[in-house]
Amino acid sequence: MPETTADTLQADVLVIGGGMAGAWAALGAARAGAQVVLVEKGYCGTSGVTASAGPGHWWVPPQAREQAIAQRLAAGEGLAEARWMERVLDTTWRHLPTIAPHYAFGVDAKGVVQYRALRGPEYLRALRTLVNAAGVRVLDHHPATELLRHGDGSIAGACGLHLRGSGIPWEIRAGATVIAAGGCAFLSKLLGADNNTGDGYLMAAEAGAELSGMEFTNYYTVAPAWSSMTRSMSYAFARYFDADGRELDIPFGPGATAALARALLDGPVACTLERMPQDLRELLPTISPNVLIAFTRAGVDPFRDRFPVTLRGAGTVRGIGGLRVAGEGCETSVPNLFAAGDAASRERVAGAISGGGAINSAWALSSGLWSGQAAAARARRDGRRADGPARPAGQAGLHAGASGWDRTAAVATVQRATLDYDRNIFRSANGLGESVTALDGVWRAISAGGCAPAPADPVQRLRLRETAALVATARWSVHSAFLRPESRGMHRRVDAPASDPAWAHRIVTGGLDRIWHRAEPAGTGPAQPIHPLTTATP
């Protein structure tokens with residue numbers, strides 16, 4: 001169905017976000033008989049981290065699932081749940097092959113179809129084709145900026161801007177709404193993630209939603225220093241050198257990120273991929289077609305030349321945190337509001353470590369379908385679309401701000417707290433405490449400016465709102481990291497390098513002007529006493 005301009009629309013289900021999770025959510029709702037509208041900040045099919053990647057999927061045959069789940073449970077350090085893993089594996093196994101009419105899956109040397117790894121651009125194009133065929137109304141360049149809320153607190157839809165229509169505001173009333181707007185990479189230049197600024201988190205939190213796992217947001221990916229090409233498979237064969245040409249001892253594996261970060265704090269680091277076998281060099285353009293483009297454009301032969309590298313933070317995109325999932329259909333704690341993909345916490349399936357590409361992709365597919373189906377059932381049960389009065393729930397960043405807060409300075413404060421290695425990889429009470437204080441100060445400036453007129457330029461209005469979402473997301477992340485006085489999974493404290501059994505639970509958080517926390521038991525692992533939580537203050 002071609003895009004049309006929205007002013008005021010009605011739907012059974014509204015899906016916010018048009019990446020992998022949003023597309024699967026729209027399909028789940030439409031196939032359940034719902035009238036669905038999908039709004040996307042960019043263009044559904046090219047926007048988000050999947051469109052520029054080669055996404056894998058957690059693709060495990062039934063007979064091998066018990067072992068795969070046991071391995072992930074052990075690696076997840078007490079925060080994952082076997083039942084949710086089984087659900088993800090089964091849903092992915094059954095539904096991923098259904099895109100075959102619009103996607104050419106590869107075959108191995110024996111002619112067996114390979115479903116595990118996909119080509120991102122073609123995958124998203126196939127999903128858009130399926131979404132259109134299902135009758136979903138897709139509105140591209142229609143970022144949502146705030147949710148609509150009934151007087152009883154339930155969600156009535158959302159409103160936002162039409163960027164291609166001179167910023168014309170739109171409002172969509174819906175019986176149920178799915179947040180699938182992606183995670184937040186804090187503008188780190190992670191490939192495909194510039195649109196991922198935490199918008200969905202802020203919208204949902206303003207309506208009262210809870211978040212979980214926000215301390216697990218310090219995953220980093222190596223990349224050429226001049227590029228956003230954060231595809232890291234090739235670096236299994238990397239050799240690293242300091243500014244004086246001395247080779248550094250940075251073996252590929254779990255400790256590589258910290259070792260490379262320490263070296264980068266000391267000075268520039270160069271890399272070569274000369275150890276990659278010739279057969280893999282020849283296959284690389286097929287496996288990851290866009291990897292070599294960054295080198296070709298820079299005139300660099302990565303298999304011969306040394307080139308400068310950096311680490312780019314992935315925030316919640318390859319981290320764990322997001323909106324707390326409160327039910328089987330990926331309901332949030334707010335009535336009529338659901339979450340999918342990177343917008344939702346993945347602790348239940350990934351535990352305290354990154355879901356990488358495979359588990360995160362399988363989660364995006366599965367949570368998308370579950371949330372879409374559950375949202376359709378909720379809308380059908382309530383029979384409510386535009387009934388009754390509803391008011392926008394949005395607050396911070398929707399106005400310029402009477403105090404004239406500086407967007408550039410706000411982003412710099414966020415990135416100091418969430419991307420700088422000394423603050424976010426090598427975490428400590430002192431560094432986290434300084435970040436908490438700085439971020440809280442920026443938030444006060446933003447939230448104090450609710451009475452000033454909004455900029456006329458719709459893109460500038462959107463940027464202000466995105467900045468507020470960046471600051472809010474950073475605060476939930478840093479406050480939670482400050483509160484967890486141990487090392488667990490990707491959360492590493494240099495001042496508390498061991499894990500503490502009393503902290504083998506989730507940290508649920510929320511709030512805007514005042515950040516709050518509470519403990520939630522994990523669903524698996526030995527029973528442990530829950531450590532009492534109080535608001536984290538440095």
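Of the 538 residues of this protein, 58% count as buried. The model you have in front of you is a predicted one, so let us walk through it from the overall build down to single residues.

The chain folds into 14 helices and 19 strands. Its radius of gyration is 22 Å, close to the 24 Å that the globule rule gives for 538 residues, so the protein is as compact as a globular protein of that length. If you want a frame for your viewer, the C-alpha atoms fill a box of roughly 70 × 60 × 50 Å along the principal axes. The exposed surface comes to about 20200 Å², and carbon and sulfur atoms supply 53% of that area. Contacts tell us how the chain is tied together: among those between residues at least 6 apart in sequence, 74% join residues at least 24 apart.

Now to the sheets. One of them is open and has five strands, in the order E10-E14-E13-E11-E12, with antiparallel pairing. Strand E10 (220-224) and strand E12 (247-248) stand at its edges; each has a single partner strand, so one side of each is left without a neighbour in the sheet. For E10, that partnership is with strand E14 (residues 307-313): the two run antiparallel and are joined by five bridges. You can find the register by looking for Tyr220, which stands opposite Gly313 in E14. An edge position in the sheet does not leave E10 out in the open, though: five of its five residues are buried, so the strand is largely enclosed by the rest of the structure. Helix H6 (residues 256-266) lies across E10, strand E11 (239-241), E12 and E14, and runs at about 120° to E14.

Another open sheet has four strands, ordered E15-E9-E18-E19, again with antiparallel pairing. Here the edges belong to strand E15 (322-323) and strand E19 (516-521), each with a single partner strand, so one side of each has no neighbour in the sheet. Strand E18 (residues 505-510) pairs with E19 in the antiparallel sense over six bridges, and within this pair Thr509 stands opposite His517 in E19. Helix H14 (residues 458-483) packs on this sheet, where it touches strand E9 (211-212), E18 and E19; its direction makes about 140° with that of E18.

Among the helices, H3 (residues 82-95) is a good one to trace. Its 14 residues reach 20 Å from the first C-alpha to the last, close to the 20 Å expected at 1.5 Å a residue. Along H3, Trp84, Met85, Arg87, Val88, Leu89, Thr91, Thr92 and His95 are buried. What do the buried residues of H3 pack against? Their partners are helix H1 (20-31), helix H2 (65-75), helix H9 (347-350) and helix H10 (358-382).

Helix H10 brings us to a single residue, Ser371, which is found in that helix. Is Ser371 buried or exposed? With a relative accessible area of 0%, Ser371 is buried, since residues count as buried under 20%. Leaving aside neighbours within four places in sequence, Ser371 is in contact with Ala25, Val178, Gly329, Cys330, Phe338, Ala339 and Ala340. To see how the fold bridges sequence distance, take Ser371 together with Gly33: the two are 338 residues apart in sequence and 14 Å apart in space, C-alpha to C-alpha.

How values were computed
Residues are numbered from 1 along each chain as its sequence is written. This is a predicted model: local features need pLDDT of at least 70, side-chain atom pairs count only at pLDDT 80 or more; totals for chains, interfaces and linings use all residues. Side-chain values use heavy atoms; hydrogens and water are left out. The expected span of a helix is 1.5 Å times one less than its number of residues. Buried means under 20% relative accessible area, exposed over 50%, partly exposed in between (1.4 Å probe, protein chains only). Contact means heavy atoms within 4.5 Å. Two strands pair if DSSP finds at least two bridges between them. Axes are lines fitted to C-alpha atoms, for helices over the stretch in contact, and angles run from 0 to 180 degrees between N-to-C directions. The radius of gyration is taken over C-alpha atoms; the globule rule is 2.2 Å times the number of residues to the power 0.38. Accessible areas come from the Shrake-Rupley method with a 1.4 Å probe; for residues, only the protein chains shown count as cover.
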